[in-house]
Amino acid sequence: MLYLKVLRFLTGMLGSAGRWSPVFLWTAAAIYVSGGCISRHSDEVVVLSALDREFAAAVLKDAQADLKTPLRIKYDVESNKTVGLTNEIIRNKQRPRADLFWNNEILHTIRLEKLGLLESVDAERRPHFPDRFVSPSGHWFGLAARARVLIVNTELMPSTDQRPTQFSDFAKKQFAGKCTLARPLFGTSATHAAVMFDVLGAVEAAQLYERIADNAVVQGGNKQVAEKVAAGEFLFGLTDTDDALVEMDAGRPVAIVFPDQGQDGLGTLLIPNTLCVIKNGPNTAGAKHLLQRLLAADVEERLANGRSGQIPLADDVEIKSRVVPENLKIMEVDFESAADQWEAAAIQLRAIFPLGQ
């Protein structure tokens, strides 16, 4: 449509070319095209979503209808989940092009906060969320967590006594070449790695990941891990509850094991989605309204009941995730401290898990 308008514009101008110089004509056309390229609805909110389209799209569509605010949404790809959108925000920090970031994890959201790229929001529902899942300064809000779990092929490992029970089982030689995980440099895999470096210490964590790299087959993302275990290519893998549930709901022979539940175990890691408003975005006010709407109880209820089975964090959400067992032992995590570990950890992890691997 833009090109047709420009063509009509030029045709009209050329019809009176005797009165206009060629320089003026080309300048006017350039201004016309440029203006068309950057035009946007004045009320539009631009959303960057690292949460998979299949889980986020319906929620955002209903929020758009409720708020009567047009949304333009960009989703990330599985292979560079979260990092791609985070880098886009950093790259455009002098002239932000997006308003709200729905991250599917927390590590890189905290990085953006530390870089001063997020807007503080006084959220009405802040008191309903645990302190460790909310920025003290209101720069980000955690909701709808997922657990980092082991997905096991039940045909290849029919006996529960055979199955792995700990994250460190990925380093056991008996499973060499028979287990798989996503490269720990993106998305929830990166958050998990940062947490392990914080909890175990840099030396012990690096040694553990080195043993895992020698033992396990690396995939591009958690979804690929779940799919390949379900297809019988591996005995077990490390993924998120939502990706494991997709395979279970499809009737494939898999089961979920929540790792490190023993008396001396670290517990299972929960990683929340996070919502944040990008500082100096084109529509900060609209983004804040959208964030308030996405923090509403019905959103966590919907994500808990839906295919992703995400875990509500607000204390007034009565619906529980269909996947989480009673008395789940949850890993104690300081996400701020883990985020501080990331830059140093990433250097070691890139050497341990080279992209060409």
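The buried residues of helix 11 get their cover from several places, including helix 3 (53–67), strand 3 (100–103), strand 5 (141–153) and helix 10 (284–294). Helix 11 itself runs over residues 297–305, and its buried residues are Ala297, Val299, Glu300, Leu303 and Ala304. These residues sit on the same side of helix 11, because they cover an arc of only 165 degrees around the axis. The spacing fits a general rule: an α-helix has 3.6 residues a turn, so residues three or four places apart point the same way. All of this is read from a predicted model.

Stepping back to the whole chain, there are twelve helices and ten strands. Of the 357 residues, 53% count as buried. The accessible surface comes to about 16,600 Å², with 52% of it belonging to carbon and sulfur atoms. As for contacts with a separation of 6 or more, 76% are made by residues 24 or more positions apart.

Next comes the nonpolar interior. The largest nonpolar core takes in 112 residues, and those with the most contacts inside it are Leu100, Trp102, Tyr209, Leu294 and Trp342. Strand 5 gives the most to this core, with nine residues. Leucine 294 shows what such a set of contacts looks like: leaving aside neighbours within four places in sequence, leucine 294 touches Val59, Leu60, Ala63, Leu100, Trp102, Leu143, Leu275 and Val299. One of these partners, Val299, is among the buried residues of helix 11.

Then there are the aromatic rings, which make seven pairs in the structure. One of the pairs joins phenylalanine 133 and phenylalanine 335, with ring centres 6.1 Å apart and 40 degrees between the planes, which makes the pair tilted. Phenylalanine 133 lies in the loop between strand 4 (118–119) and strand 5, while phenylalanine 335 belongs to helix 12 (residues 335–352), so the pair ties together parts that are 202 residues apart in sequence. Both of these phenylalanines, 133 and 335, are buried.

Phenylalanine 167 and phenylalanine 170 also form a tilted pair, because their ring centres are 6.2 Å apart and their planes meet at 50 degrees. Phenylalanine 167 has 5% relative accessibility and so counts as buried; phenylalanine 170, at 0%, counts as buried too. These two rings belong to one aromatic cluster, made up of Phe167, Phe170, Phe175, Phe197, Tyr209, Phe236 and Phe353. Tyr209 in this cluster is also one of the residues with the most contacts inside the largest nonpolar core.

Terms used: Residues are numbered from 1 along each chain as its sequence is written. This is a predicted model: local features need pLDDT of at least 70, side-chain atom pairs count only at pLDDT 80 or more; totals for chains, interfaces and linings use all residues. Side-chain values use heavy atoms; hydrogens and water are left out. Helices (H or I, at least four residues) and strands (E, at least two) are DSSP runs, numbered from the N terminus. Buried means under 20% relative accessible area, exposed over 50%, partly exposed in between (1.4 Å probe, protein chains only). Contact means heavy atoms within 4.5 Å. Accessible areas come from the Shrake-Rupley method with a 1.4 Å probe; for residues, only the protein chains shown count as cover. The arc is that of the directions from the helix axis to the C-beta atoms. Rings of Phe, Tyr and Trp (its six-membered ring) pair if their centres lie within 6.5 Å; planes under 30 degrees apart count as stacked, over 60 as edge-to-face and the rest as tilted. A nonpolar core is a set of buried Ala, Val, Leu, Ile, Met, Phe, Trp, Tyr and Cys residues joined through side-chain atoms within 4.5 Å.
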